[in-house]
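Subject: Structure handover

Hello,

Here is the structure for you to look through. My notes follow below it.

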Number of protein chains: 2
Amino acid sequence: MVRPDRKRPVTSVDVAAAAGVSQATVARCFTTPEVVAPDTRLKIEAAADRLGYVPNAIARSLKSQRTNIVGAVVPAVGEYWQNVVTYFSRRLTARGRQLLLFSFLDHAEVNETLEAVMQYRLDGLILASANIAETQLARMRQTGLSLVAFNHPDAAGIVPSVTVDNEAGASELARHLAGLGCTRVLYLGGVAAASTDRARFRGAARTLASTGATCNYMEAGAFTYDAGYRAADTVVNLDRLPDAIMVGSDEVAFGMLDGLRRRGLTAPADVLVTGFDGLPQASWAGYDLTTLVQPADQLAEHAVELASGDGSDSSDAPPPSVVVAGTLRRGLTTRKGDAGRARPGSYSRRNCGTEPSAGR
Amino acid sequence: MVRPDRKRPVTSVDVAAAAGVSQATVARCFTTPEVVAPDTRLKIEAAADRLGYVPNAIARSLKSQRTNIVGAVVPAVGEYWQNVVTYFSRRLTARGRQLLLFSFLDHAEVNETLEAVMQYRLDGLILASANIAETQLARMRQTGLSLVAFNHPDAAGIVPSVTVDNEAGASELARHLAGLGCTRVLYLGGVAAASTDRARFRGAARTLASTGATCNYMEAGAFTYDAGYRAADTVVNLDRLPDAIMVGSDEVAFGMLDGLRRRGLTAPADVLVTGFDGLPQASWAGYDLTTLVQPADQLAEHAVELASGDGSDSSDAPPPSVVVAGTLRRGLTTRKGDAGRARPGSYSRRNCGTEPSAGR
DNA sequence: CGATCTTATGTATACGTATTCATCGTTGCA
DNA sequence: TGCAACGATGAATACGTATACATAAGATCG
């Protein structure tokens, strides 16, 4: 193995010298191999291999004005988002793109860090559930980068957007509950200000109203396990329990289930419970939650497709807005037949001194 | 607002022309503002603002030979890794670095895609639980990028490495169990070939042996919920139940708990159960698992520190290898006092037709 | 007040690649 | 045989910035 001097990285010029050709031919060999003669190609490849040459994507990007990098701005917390990031990464890799990730705790951080991210001349940027200043949005579009709003229904029309059909999904869950005879439903949202939250409640309320059922709204305060766990206390103290609790997200629903159980109530025996998102854990035996499964892989694929910027963005065309339907998952938490059959040896939560808390 | 011609992005040259200075001064204004006169600085800043100038990090990287980007190669599945990625991102952002993420499903993908990643001349690369070919490791070090092996004890000595003290952690869990009087312990590993798995078992077996307890090893086959769930069937069919089951990871432990419950066994009543990792869900009331909490934030910080490559890597110094101690979390699953007090209204899992399955 | 030092800025170049244009040798066809 | 067309390659340049070097103007000091 040749010792590449350790200080100076080997460039296409070095390879050219070693192979006895010009730098241009070396470049062609790595971008459009078909235009270079087979025997010279072999010579070049041999030399490149011997020297340990790795093309410099930075220089390439500078010249070609494309980085092949797509950014994603994603909330730092929440099981849902962690899953989505994985799908982003996989889909992008499949397309030969790289993922530059920025996960934020607070919405305030976003506009700050976006400045730094913009310097990298990304090909596209996926904004997941982030509130971006309109002025910044405009500036970003002018740079020719492909923006995509993910799970941010409000953005549709302004920016290309990809989202599950929140309203129809909640409607489907509501119909499921109505079919089970529920007439008094409580909707437990995460954050009332979130557009997804509102859309889901709208779908639920509309459908339930059409069946003559009532649907009150209650806010957990966050899309977290803890928020659901605490909300259970409020629910238990109501004058009268609802027939069903529609929870705005799976993670909050898990907290609700555990919170109810702590107070001696279980689903589906005492009250039916549904979630929204279709997290892997919803299928875990410990919860087995009825929920609306988001086709996360499809959603990610659409987002990546739009963000990869293959389509020319003629700015006067209306931005494409993809809405994908979710699918209902019927779990134990709305299975009336199983109601209330407690069993000895069941998991007990009594006399447990410490209050559990999510996070670390 | 000035219309920047929409085609040609504005460069430092444009700003220089607009401000009546040279390009060099503009560059200085954004890298070393203190060396430029206050009044010219204001002129330049005004011009930059007016034109909507954004420095080009690609060009900067080409010139300065530093990208300020750190890569992370992380398994695509597993709650643990999803958490870790979030910490990486946050810590890097705090240091003014960007995170280029690559998440892999199969170890075979890694060596493939690493080639592509290497082209981006990252400042550092965090390899999480990935098996990299030795030859490639060597080549990567030569490029001057700071490699860090995360949670990959075997790598210590070859490459700078950051990991929790697996052996000591398992030992602590074992001591905890021994203190509760356990003499027959079953260790349920995920994948026996994984170095973390072996280290944890070693710690458990050693400590238990010293107390006269037995510790058999069993392999779940994967670090997943499903694997734990299925392993529960095997455990239940043993001639005699062990006193405790030490599970190699929290996620597998969740599956084990739910699997046991399905067969009518619960922790801590029928058998004690411990996990490893300290996932947020371990604190959820539904599991309340005794486990060893990895200080994920600290680990991430160390990894980011090493990968940021601030320290000069004089190649003859032994690579630093950081080992951080975890902390024991005592949950309900090893709380003997609560043993077997079942309660009416508890969550029932009987007569549940469908088999739950993790993943989607 | 001239010499030296300091400060602020301009000039010029390099980073590593992609691509346009020109060149040159070959082949095909009339 | 002559000319056009073609295929393969080399020479040159541009991408946008950072920085070493040069230079000019004040500032300092004897």
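Which elements each supply at least two residues of the surface near DNA strand D? They are α2 and α4 of chain A, together with α2 and α4 of chain B. Please keep in mind that this is a predicted model.

**DNA strand D**

The strand is surrounded by 27 residues. The closest are S22(A), T25(A), T40(A), S12(B) and Y53(B). Of the atoms of DNA strand D that come within 4 Å of the protein, 60% belong to sugar and phosphate.

α2(B) supplies the largest share of this surface, at 5 residues. By residue type, the surface near DNA strand D has 12 nonpolar, 10 polar and 5 charged residues.

Two side chains of chain A reach bases here. An N or O atom in the side chain of R28(A) is 2.9 Å from a base nitrogen of DNA strand D. For K63(A), an N or O atom of the side chain is 3.1 Å from a base nitrogen of that strand. Chain B meets the backbone of the DNA: a backbone N or O atom of N56(B) lies 3.2 Å from a phosphate oxygen of DNA strand D.

**DNA strand C**

Now the other strand. There are 28 residues around DNA strand C, and S12(A), Y53(A), T25(B), A37(B) and T40(B) come nearest. Sugar and phosphate make up 59% of the atoms of DNA strand C that come within 4 Å of the protein.

Two contacts go to phosphate. A polar backbone atom of S12(A) is 2.6 Å from a phosphate oxygen of DNA strand C. An N or O atom in the side chain of T40(B) is 2.7 Å from a phosphate oxygen of DNA strand C. One contact goes to a base: a polar side-chain atom of K63(B) lies 3.1 Å from a base nitrogen of DNA strand C.

Two or more residues of the surface near DNA strand C come from each of α2 (23–31) and α4 (57–64) of chain A, and from α2 (23–31) and α4 (57–64) of chain B. Here α2(A) gives the most, with 5 residues. The surface near DNA strand C divides into 12 nonpolar, 11 polar and 5 charged residues.

**Strand β1 of chain B**

Is this strand, residues 69–75, largely enclosed or open? It is largely enclosed by the rest of the structure, because 7 of its 7 residues are buried. I69(B), G71(B), V73(B) and P75(B) point one way from β1(B). V70(B), A72(B) and V74(B) point the other way, and all are buried.

β1(B) has parallel partners. It runs parallel to β2 (residues 98–104) of chain B, joined by 7 bridges. In that pairing P75(B) stands opposite F104(B). β1(B), helix α5 (residues 79–94) of chain B and β2(B) form a right-handed β-α-β unit. β1(B) also pairs in the parallel sense with β3 (residues 124–128) of chain B, over 4 bridges. There, L125(B) in β3(B) is the bridge partner of G71(B).

**An open sheet in chain B**

Further along the chain, 4 strands form an open sheet in the order β7-β6-β8-β9, with parallel pairing. The edge strands are β7 (214–219) and β9 (272–274) of chain B, each pairing on one side only. From one strand to the next, the twist averages 20°. β8 (residues 244–247) of chain B and β9(B) pair in the parallel sense over 3 bridges. M246(B) stands opposite T274(B) in β9(B).

Best wishes

How values were computed:
Residues are numbered from 1 along each chain as its sequence is written. Chains are lettered from A and ligands numbered from 1 in the order in which they are written. This is a predicted model: local features need pLDDT of at least 70, side-chain atom pairs count only at pLDDT 80 or more; totals for chains, interfaces and linings use all residues. Side-chain values use heavy atoms; hydrogens and water are left out. A residue is near a molecule or strand if one of its heavy atoms lies within 4 Å of it. A polar contact is a pair of N or O atoms within 3.5 Å; within protein, one must be able to donate a hydrogen and the other to accept it, and residues adjacent in sequence count only if both atoms are side-chain atoms. Ala, Val, Leu, Ile, Met, Phe, Trp, Tyr, Cys and Pro count as nonpolar, Asp, Glu, Lys and Arg as charged, and the others, Gly among them, as polar. Buried means under 20% relative accessible area, exposed over 50%, partly exposed in between (1.4 Å probe, protein chains only). Two strands pair if DSSP finds at least two bridges between them. A crossover is right-handed if, with the strands pointing away from the viewer, the path from the first strand over the helix to the second runs clockwise. Axes are lines fitted to C-alpha atoms, for helices over the stretch in contact, and angles run from 0 to 180 degrees between N-to-C directions.
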